[in-house]
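Reader: Got a minute for this one? I'd like a quick walk through the fold before I set anything up.

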Amino acid sequence: MARSIVILLLAMSSVFFIDQAIKSIFLGGFRLNTQCIDLILIFNKGVAFSMFAFLDEALKWIQLALLSGVIGYTLWLKKTCYLVPVGIMAGAGLSNVADRFIHGGVVDYVYWHCGFNFAVFNFADVMIDIAVIALMILNFRPQMCKS
């Protein structure tokens with residue numbers, strides 16, 4: 001169990017600190033505008049595409065509860081193959097929740113507008129997507145997850 005917690009914490013803290021370091025660059029004033037991608041500072045009060053912004057202060061507590069449940073369930077499963085993807089997802093999620101506590105909204109900064117306008121997002125959002133894809137692969141290919 002201790003080994004599992006260490007693996008989970010390493011993945012979580014790595015993503016958390018990388019994401020917060022990148023966000024600090026934008027909080028410090030960095031901006032860049034190009035034809036397809038703008039790197040701009042936006043505070044997102046909701047989740048993807050600003051959904052659930054109406055939940056206001058409750059959203060961060062709901063997200064903390066969900067992340068705690070996912071971490072607890074992963075440790076209860078005792079399947080080491082899930083530890084890194086869940087750690088990545090939890091570290092990214094906690095980084096976004098920390099933004100809500102510190103800045104009142106998630107610090108987003110990548111705005112894609114080449115051919116179509118897309119939501120403004122950040123490194124943590126990309127890591128969450130990658131972790132979810134990894135977890136889906138592990139679930140649909142159980143032979144990859146032997147422990």
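**Helix packing and the core**

Author: Start with one helix pair: the axes of α1 and α4 come within 9 Å and cross at roughly 150 degrees. This is a predicted model.

Reader: Are α1 and α4 roughly parallel or roughly antiparallel, then?

Author: Roughly antiparallel, because the angle is over the 145 cut-off.

Reader: Which residues in α1 and α4 meet?

Author: From α1, Val15, Ile18, Asp19 and Ile22. They meet Phe123, Ala124 and Met127 of α4.

Reader: And by class, how many are nonpolar, polar and charged?

Author: The α1 contact with α4 has six nonpolar residues, one charged and no polar ones.

Reader: Zoom out. How many helices and strands are there in the protein?

Author: Four helices and four strands. Starting at the N terminus, the order is α-β-β-α-α-β-β-α.

Reader: How does the radius of gyration compare with the globule rule?

Author: It is 16 Å, and the rule gives 15 Å for 147 residues. Those values are close, so the protein is as compact as a globular protein of that length. Along the principal axes, the C-alpha atoms fill a box of roughly 45 × 35 × 25 Å.

Reader: What share of residues counts as buried?

Author: 37% of the 147. On contacts: take those with a separation of 6 or more, and 71% of them join residues 24 or more positions apart.

Reader: Now the largest nonpolar core. Which members touch the most others?

Author: Leu8, Ile71, Tyr82 and Ile88, out of 22 residues. Helices α1 (2-27), α2 (58-77), α3 (83-103) and α4 (123-140) each give two or more residues to this core. The most come from α3, which gives seven.

Reader: What is tyrosine 82 in contact with, leaving aside its neighbours within four places?

Author: Thr74, Leu77, Leu135, Leu138, Asn139 and Cys145.

Reader: What about a second core?

Author: There is a separate one of five residues. Phe26, Leu41, Tyr109 and Val110 are among them.

Reader: Switching to single residues. Where is isoleucine 128?

Author: In helix α4. Its relative accessibility is 24%, so isoleucine 128 counts as partly exposed. Buried would need under 20%.

Reader: What does isoleucine 128 touch beyond four places in sequence?

Author: Met89, Ala92, Gly93 and Asn96. Proline 85 is another reference point: 43 residues away along the chain, with 8.7 Å between its C-alpha atom and that of isoleucine 128.

Reader: Any backbone oddities? What is the phi of lysine 78?

Author: Positive, about 60 degrees, although lysine 78 is not a glycine. Most residues other than glycine have a negative phi.

Reader: Where is lysine 78 found, and is the residue buried or exposed?

Author: Lysine 78 is in the loop between α2 and α3. The residue has 65% relative accessibility, so it counts as exposed.

Reader: Last one, arginine 3. Which helix does it lie in?

Author: Arginine 3 lies in α1. At 60% relative accessibility, arginine 3 counts as exposed.

Reader: How far apart are arginine 3 and leucine 32 in space?

Author: 42 Å, C-alpha to C-alpha. In sequence, arginine 3 and leucine 32 are 29 residues apart.

Conventions. Residues are numbered from 1 along each chain as its sequence is written. This is a predicted model: local features need pLDDT of at least 70, side-chain atom pairs count only at pLDDT 80 or more; totals for chains, interfaces and linings use all residues. Side-chain values use heavy atoms; hydrogens and water are left out. A nonpolar core is a set of buried Ala, Val, Leu, Ile, Met, Phe, Trp, Tyr and Cys residues joined through side-chain atoms within 4.5 Å. Buried means under 20% relative accessible area, exposed over 50%, partly exposed in between (1.4 Å probe, protein chains only). Contact means heavy atoms within 4.5 Å. Axes are lines fitted to C-alpha atoms, for helices over the stretch in contact, and angles run from 0 to 180 degrees between N-to-C directions. Angles under 35 degrees count as roughly parallel, over 145 as roughly antiparallel, 65 to 115 as roughly perpendicular and the rest as oblique. Ala, Val, Leu, Ile, Met, Phe, Trp, Tyr, Cys and Pro count as nonpolar, Asp, Glu, Lys and Arg as charged, and the others, Gly among them, as polar. The radius of gyration is taken over C-alpha atoms; the globule rule is 2.2 Å times the number of residues to the power 0.38.
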